[in-house]
Amino acid sequence: MKKNNNKKDNNSSLFFKLSLASFVSILAASGIFSGAYYVLNYLNFEIDESWWMIIAAGIASVVIGMVLSFIVNTAFFNPIKDLLNVTKRVANGDFSVQLKEKKKKNGELKTGEMATLTHHFNIMVNELDKTKTLRSDFVANISHEFKTPLANIKGHAELIKKSDDRELIAEYCNDIIEATQSLTMLTSNILRLSKLENHSILQPNDFRLDEQIRQAIILFEDKWSTKNIELNIDLDEVTIFYDEGLFSQIWQNLISNAIKFTDDGGEINIMLKKYDGEAVFKIRDNGIGMSSEVKEHIFDKFYQGDTSHAQEGNGLGLALVKKILDNSHCKIEVESKEGEGTEFTIHIPV
């Protein structure tokens, strides 16, 4: 309560000082000209009527100037006062604050330095609030992602301890191996993301992009052949100068996702074309697709739009892809409709 009272006292004090300064200036100007009039009148000093008009005009201009100055000070004082108050709240960790933005009759934002400052301040606070929320969600999600496989490992280990059935023990051991692999993949992805977010130095070299994509396709041959998925591949010969190890993660994640969300007997099209100044990679499946809401969040950490496939991943793959491409100054686009499939397009400056 004391802090709020201090803020009000400071604001009131500043307003009072501005008002007092304007009022004193007006009184001083009036006093000077009035005094001059009486002195000249006392000395019987004759002054032309034109001079009196000049003096009157001078007094009027000073008075009008002071009044206008007071109005301008008052008009700018309120937004500055609000800005001071909210910046103190933001400094204390409160990112829910918003400054009131002035709009025209047609609904558009007003132009001008103060209006622009207010608008960009609100954008900054919104972004800080999102970062705070993402950080909280990250801690909650990572705790959950570790908790589930650890619980599986513990549960199956206890069953193995009590069981004498070798077939059941072998099955439980396989479940434990899968859980440990999931933890290993999760830990590796978290470490990769951490390095990329901390601007880890890239290690670029020349490599054949089309060959790297072919290797990623072969890596998942068991999965797409088991689901009888038809692959249509059209790859131009392209050599690029980027971090080969990181780019390999991109194709593995995208191809793995396309296989995961395509039904048995489906189709996946993979294309790489070289144009002047850039290479364009496209991967399209005719799988389950996604809604506009899911599409909006697919690059968020731990986000999994289709919970039926949650056990097959940890929601970090696409976040990793996006971060690698951002750090490499490449662009990724997504087109998708529910029930019609998804297409990812990547633009790579050559």
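I take a contact to mean heavy atoms within 4.5 Å. With that in hand, I looked up Asn 122 in this predicted model. Leaving aside residues up to four places away in sequence, I find that Asn 122 touches Gln 98, Leu 99 and Glu 101. The residue itself sits in helix H3, which covers residues 113-162. I note Asn 122 as buried, because its relative accessibility of 2% falls under the 20% limit.

**Entry: the chain as a whole**

I counted the secondary structure next and obtained 9 helices and 7 strands for the protein chain. The chain has 350 residues, and 29% of them count as buried. I then looked up the accessible surface, which comes to about 22700 Å². Carbon and sulfur atoms account for 56% of that surface. For the contacts, I took those between residues at least 6 apart in sequence, and 70% of these join residues at least 24 apart.

**Entry: confidence**

I checked how far the coordinates can be trusted. The average pLDDT of the protein chain is 76, and 62% of the residues score at least 70. I marked residues 1-11, where pLDDT stays under 50. The model gives this stretch 5 contacts beyond four places in sequence. I also marked residues 307-311, whose pLDDT is below 50. That second stretch has 4 contacts in the model beyond near neighbours in sequence. I keep in mind that predicted coordinates should not be read in detail where pLDDT is low.

**Entry: helix H5**

Which residues of helix H5 are buried? In this helix, residues 209-219, I list Leu 209, Asp 210, Gln 212, Ile 213, Ala 216 and Ile 217 as buried. Looking down the axis of H5, I see these buried residues fall within an arc of 160°, so they line one face of the helix. On the other side of H5, I find Gln 215, Ile 218 and Leu 219 exposed.

I then turned to the charged side chains of H5. Arg 214 and Asp 210 meet in a salt bridge, at 3.1 Å from N to O. Both residues lie in helix H5, 4 residues apart, which is about one turn of the helix. I record Asp 210 as buried, with a relative accessible area of 2%. Arg 214 is partly exposed, at 32% relative accessibility.

**Entry: other salt bridges**

How many salt bridges does a search of the whole structure find? I obtained 11. One that I examined joins the side chains of Glu 237 and Arg 208, at 3.9 Å from N to O. This pair links distant parts of the chain, 29 residues apart. Glu 237 belongs to the loop between strand E2 (230-235) and strand E3 (239-243), whereas Arg 208 lies in strand E1 (residues 204-208). I find Glu 237 exposed, with a relative accessible area of 57%. Arg 208 is partly exposed, at 31%.

I also looked up the salt bridge between the side chains of Asp 326 and Lys 322, which is 3.0 Å from N to O. Both residues lie in helix H9 (residues 317-327), 4 residues apart, about one turn of the helix. Asp 326 is partly exposed, with a relative accessible area of 37%. Lys 322 is partly exposed at 26% relative accessibility. Tracing salt bridges that share partners, I arrived at one network of Arg 208, Asp 210, Glu 211, Arg 214 and Glu 237.

**Entry: aromatic rings**

I describe a pair of aromatic rings by the distance of the centres and the angle of the planes. My count came to 4 aromatic pairs. One of them is formed by Trp 251 and Phe 281, with 4.6 Å centre to centre and 55° between the planes. I class this pair as tilted, because its angle is neither under 30 degrees nor over 60.

Why does this pair tie together separate parts of the chain? Trp 251 lies in helix H7 (residues 244-260) and Phe 281 in strand E5 (residues 278-285), so the pair joins parts that are 30 residues apart in sequence. Are these two rings' residues buried or exposed? Trp 251 counts as buried, at 0% relative accessibility. Phe 281 is buried as well, with a relative accessible area of 0%. Following the ring pairs further, I found that they link Phe 207, Tyr 242, Phe 247, Trp 251 and Phe 281 into a cluster.

Notes
Residues are numbered from 1 along each chain as its sequence is written. This is a predicted model: local features need pLDDT of at least 70, side-chain atom pairs count only at pLDDT 80 or more; totals for chains, interfaces and linings use all residues. Side-chain values use heavy atoms; hydrogens and water are left out. Rings of Phe, Tyr and Trp (its six-membered ring) pair if their centres lie within 6.5 Å; planes under 30 degrees apart count as stacked, over 60 as edge-to-face and the rest as tilted. Helices (H or I, at least four residues) and strands (E, at least two) are DSSP runs, numbered from the N terminus. Buried means under 20% relative accessible area, exposed over 50%, partly exposed in between (1.4 Å probe, protein chains only). pLDDT is the predictor's confidence in each residue, from 0 to 100. The arc is that of the directions from the helix axis to the C-beta atoms. Accessible areas come from the Shrake-Rupley method with a 1.4 Å probe; for residues, only the protein chains shown count as cover. A salt bridge is a side-chain nitrogen of Lys or Arg within 4 Å of a carboxyl oxygen of Asp or Glu.
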